[in-house]
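Work through these exercises with the model in view. Try each task before you read its solution.

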Amino acid sequence: MLDPRWFKAAGVAVALTLASATAAHAAPAPDPAAEATAAVVTLRYDDSRAGGWEAAIAAGVASWNANVANVKLVEAAPGTRAEIQIVATSGWPQATLGPVRPGGQARVELGSQAVTQGHDKTRIAAHELGHSLGLPDTKPGPCSQLMSGSSAGTSCKNAVPNAAERSRVESAYAGGLASLVPADGRILVDAP
């Protein structure tokens, strides 16, 4: 006759084996990289009325996309609504102060007067997009600050946000949503 303690020990072993097998086939733990991807805010821009600025806009967008992880700027498909309207003008560059939210509206004017004065087109585009993302001017400021704008002088070609500027934008779009604080909405003109 079999000892009843053997059945009890065997039952515990079977239960442990089943529990281990069930845990092995349970839903995998959340992937932090996938969660980070899900928290990215996508903002569309329309530059169809910014003739002559296409390369500068593409470089300015690439700079922001390479330096900020939780917000991405993408070109809107023709005929679709864009949060950021980019136009070429003959005046000084200016933009609506954000942070613009998905479904919101901001305007960027890329003024040729700054180019005539000798300022770099790519820096202008990246700087004005920075306003749409919620960054005010930091004038006067050094060339290392993208948001110092024209105060850095015409020799400045830097179109890359510094660590503080990146941090401020990432904070505004933390958790996958633009800041709950309404966009400022002021128009900032980047004239000297």
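**Exercise 1. Pair a residue across two strands.**
Which residue of β5 is the bridge partner of Ile-84?

Solution.
- Note the kind of model: this is a predicted one.
- Go to β5 and find Ala-106; Ala-106 is the bridge partner of Ile-84.
- Now widen the view to the strands. β3 covers residues 84-89, and β3 pairs with β5 in the parallel sense. The pairing runs over 6 bridges.
- Turn to β4, residues 94-96. β4 and β5 run antiparallel, joined by 2 bridges.
- Find Gln-94; opposite Gln-94 stands Glu-109 in β5.
- Finish with the cover on β5. Of the 6 residues in 106-111, 5 are buried, so the strand is mostly covered.

**Exercise 2. Check a helix.**
What span should the 12 residues of α5 have at 1.5 Å a residue, and how far apart are the end C-alpha atoms?

Solution.
- Take the expected span. It is 1.5 Å times one less than the number of residues. For α5 this should give 16 Å.
- Compare with the model. The end C-alpha atoms of α5 are 17 Å apart, which agrees.
- Look at the N-terminal end, where Asp-120 caps α5. A side-chain oxygen of Asp-120 lies 3.3 Å from the backbone nitrogen of Thr-122.
- Look just past the helix. Gly-134 takes a positive phi of about 110° there.
- Check the cover. In α5, 10 of the 12 residues are buried. Among them are Arg-123, Ile-124, His-127 and Leu-129.

**Exercise 3. Place a tryptophan.**
Is Trp-53 buried or exposed?

Solution.
- Locate Trp-53 in the loop between β1 (41-49) and α3 (54-67).
- Read the relative accessibility of Trp-53: 4%. The cut-off for buried is under 20%. Therefore Trp-53 counts as buried.
- List its contacts, leaving out residues up to four places away in sequence. Trp-53 touches Ala-88, Leu-110, Gly-111, Ser-112, Val-115, Lys-121 and Ile-124.
- Take one of these, Lys-121. Trp-53 and Lys-121 are 68 residues apart in sequence. Their C-alpha atoms are 7.4 Å apart in space.

**Exercise 4. Describe the disulfide.**
Which two cysteines form a disulfide, and how far apart are their sulfur atoms?

Solution.
- Recall the chemistry: a disulfide is a covalent bond between the sulfur atoms of two cysteines.
- Search the whole structure; 1 disulfide is found.
- Name the pair. Cys-143 and Cys-156 form it, with their sulfur atoms 2.0 Å apart.
- Place both ends. Cys-143 and Cys-156 lie in the loop between α5 (121-132) and α6 (163-172), 13 residues apart.
- Find the handedness. The torsion about the S-S bond is about 80°, so the disulfide is right-handed.
- Compare the cover. Cys-143 is partly exposed, at 29% relative accessible area. Cys-156 is buried, at 3%.

**Exercise 5. Step back to the whole chain.**
How many helices and strands are there in the chain?

Solution.
- Count the elements: 6 helices and 6 strands.
- Read their order along the sequence: α-α-β-α-β-β-β-β-α-α-α-β.
- Add the burial. Of the 192 residues, 37% count as buried.
- Turn to the surface. The chain exposes about 10,100 Å², and carbon and sulfur atoms supply 62% of it.
- End with the contacts that have a separation of 6 or more. Residues 24 or more positions apart account for 65% of these.

Technical notes. Residues are numbered from 1 along each chain as its sequence is written. This is a predicted model: local features need pLDDT of at least 70, side-chain atom pairs count only at pLDDT 80 or more; totals for chains, interfaces and linings use all residues. Side-chain values use heavy atoms; hydrogens and water are left out. Helices (H or I, at least four residues) and strands (E, at least two) are DSSP runs, numbered from the N terminus. Buried means under 20% relative accessible area, exposed over 50%, partly exposed in between (1.4 Å probe, protein chains only). Contact means heavy atoms within 4.5 Å. Accessible areas come from the Shrake-Rupley method with a 1.4 Å probe; for residues, only the protein chains shown count as cover. A disulfide is a pair of cysteine sulfur atoms within 2.5 Å. A polar contact is a pair of N or O atoms within 3.5 Å; within protein, one must be able to donate a hydrogen and the other to accept it, and residues adjacent in sequence count only if both atoms are side-chain atoms. Two strands pair if DSSP finds at least two bridges between them.
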